[in-house]
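The exercises below are meant to be worked through slowly, with the sequence and the structure open side by side. Try each task on your own before you read the solution that follows.

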Amino acid sequence: MINKNIKLKRIVMEVFGGCNYTCQMCPQSNPGRGKNFTRKMPLMEFERILDMIVPKYGHPLINLEGSGEPTMAKDLPLYIQSVKKRNLKCYMYCNGAKLNGDFLKRVLDQKIDFIRFSMIGYDEKTYKQWMNIDNFKLILSNINEAKEYIEKNNLKTKLGTYHLITDNGNLENEINLYKENIIKKTGVFAYIWKMHNWSGNYDNKNARAKTKRRTCGRPFAPELTVRSGGELNRTGGIVPCCQTLGPPNEEKSLLGHLDKQSFEDVYFGEKYQKLREAHENKEFDKIEYCKDCDFLYDDPEVLIWSNDPEARPHHMLGTDEGFTLTDYSLNKLS
């Protein structure tokens, strides 16, 4: 049974559901996410949802992503400000194409704690191939611009990049090229992972080995994933995790909406409970958006390489006490 005295450690809060990229490995572009999910979450709604949960259910880290591109929101600094004035950590995962000039400065001036730039590709050619845009040099420039502004103004914002292995048979070479072409030129942290299949929504050509399935731990973990959209004309859709991105599984995975429902109605509600029971009983085929997900295998989300001493497999970066998804697999559940 779920603990009703839960103290959340992490909330993935989507600011903007759409994206300005069409990356090869992302359901945002293949086949496309759908207009119900690609809206912007109004700032007042964003703040109302935060206040619905905090501090009653903890003081979680707020991650401004969720599968959309947060920098598409021109008033993004106001969302960061809303998080920080509630004394919460604020992280952001983005492609970083818009993070330069005055907009970058306004984002950093809000004292955001961490920005991670997605750079799938270890040189100009592979970046363009996988992210479908010739922005490799632009992103390197934006990272270095951010780094200089942080140092000049004595800010504490941490920077990182993110890469997914594009060829499982070429691991060492990809890592070495990523170090040479990106890490040496920026000096920031990097996180290199195996690719995943977005709960079965994406046909992963670099598939993970299929082993005996077990719960990923997410239905029991102290985190929440909030979409900017959801069903037609709804906002604040709650899904089990960010992996259900895109059709056909994203809409199927909706567990409720925080626009008209309370946190308690959704998090302790019937749909969420059925999901937890299926994971407890290893009846994954009963959950259409879980049955084909490669996070159920014994070796999900493998961290291939990182220069961040805080990084480790299954760990949610930035959580105060830290937690790993394996803490919430069945052999750890009480």
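**Exercise 1.** Is K85 buried or exposed?

*Solution.* Before we begin, note that this is a predicted model, in which local features need pLDDT of at least 70 and side-chain atom pairs count only at pLDDT 80 or more, while totals for chains, interfaces and linings use all residues. Residues are numbered from 1 along each chain as its sequence is written, and side-chain values use heavy atoms, with hydrogens and water left out. The scale comes next: a residue is buried under 20% relative accessible area, exposed over 50% and partly exposed in between, for a 1.4 Å probe and protein chains only. K85 has a relative accessible area of 54%, and therefore it is exposed. As for its place, K85 belongs to the loop between α3 and β3 (90-94), where helices (H or I, at least four residues) and strands (E, at least two) are DSSP runs numbered from the N terminus.

**Exercise 2.** Classify T38 on the same scale, and then find which residues T38 is in contact with, leaving aside its neighbours within four places in sequence.

*Solution.* With a relative accessible area of 29%, T38 is partly exposed, and its place is in the loop between α1 (28-32) and α2 (43-53). Contact means heavy atoms within 4.5 Å, and by this rule T38 is in contact with F16, G17, G18, Q28 and R33. For F16, which is 22 residues apart from T38 along the chain, the separation of the C-alpha atoms is 6.7 Å.

**Exercise 3.** Compare the expected span of helix α7 with the distance between its end C-alpha atoms, and describe its bend.

*Solution.* The expected span is 1.5 Å times one less than the number of residues. Helix α7 (residues 171-186) has 16 residues, so it should span 22 Å, and the end C-alpha atoms are 21 Å apart, which agrees. At K179 there is nevertheless a bend of about 35°, taken as the angle between axes fitted to the seven residues ending there and the seven starting there. The buried residues of α7, among them E174, Y178 and I182, pack against α6 (136-152), β5 (158-164), β6 (189-193) and β10 (303-306). Just after the helix, G187 takes a positive phi of about 70°.

**Exercise 4.** How do helices α3 and α4 pack, and which residues meet?

*Solution.* Helix α3 (residues 76-84) and helix α4 (residues 101-109) pack at an angle of about 5°, with their axes 8 Å apart. Because of this angle, α3 is roughly parallel to α4, a term that covers angles under 35 degrees. From α3 come L76, P77 and I80, which meet F103, R106 and V107 of α4. These residues divide into five nonpolar, no polar and one charged.

**Exercise 5.** Which backbone values depart from the general pattern that most residues other than glycine have a negative phi, and most peptide bonds are trans?

*Solution.* Start with the peptide bonds: the one from V54 to P55 is cis, with omega near 5°, and a cis bond also joins P247 and P248, with omega about 5°. Turning to phi, W198 has a positive value of about 50° although it is not a glycine, and N233 likewise has a positive phi of about 65°. W198, at 13% relative accessibility, counts as buried, whereas N233, at 69%, counts as exposed.

Note on methods:
Axes fitted to C-alpha atoms, helices over the stretch in contact; angles between N-to-C directions. Parallel < 35°, antiparallel > 145°, perpendicular 65-115°, else oblique. Nonpolar A, V, L, I, M, F, W, Y, C, P; charged D, E, K, R; others polar.
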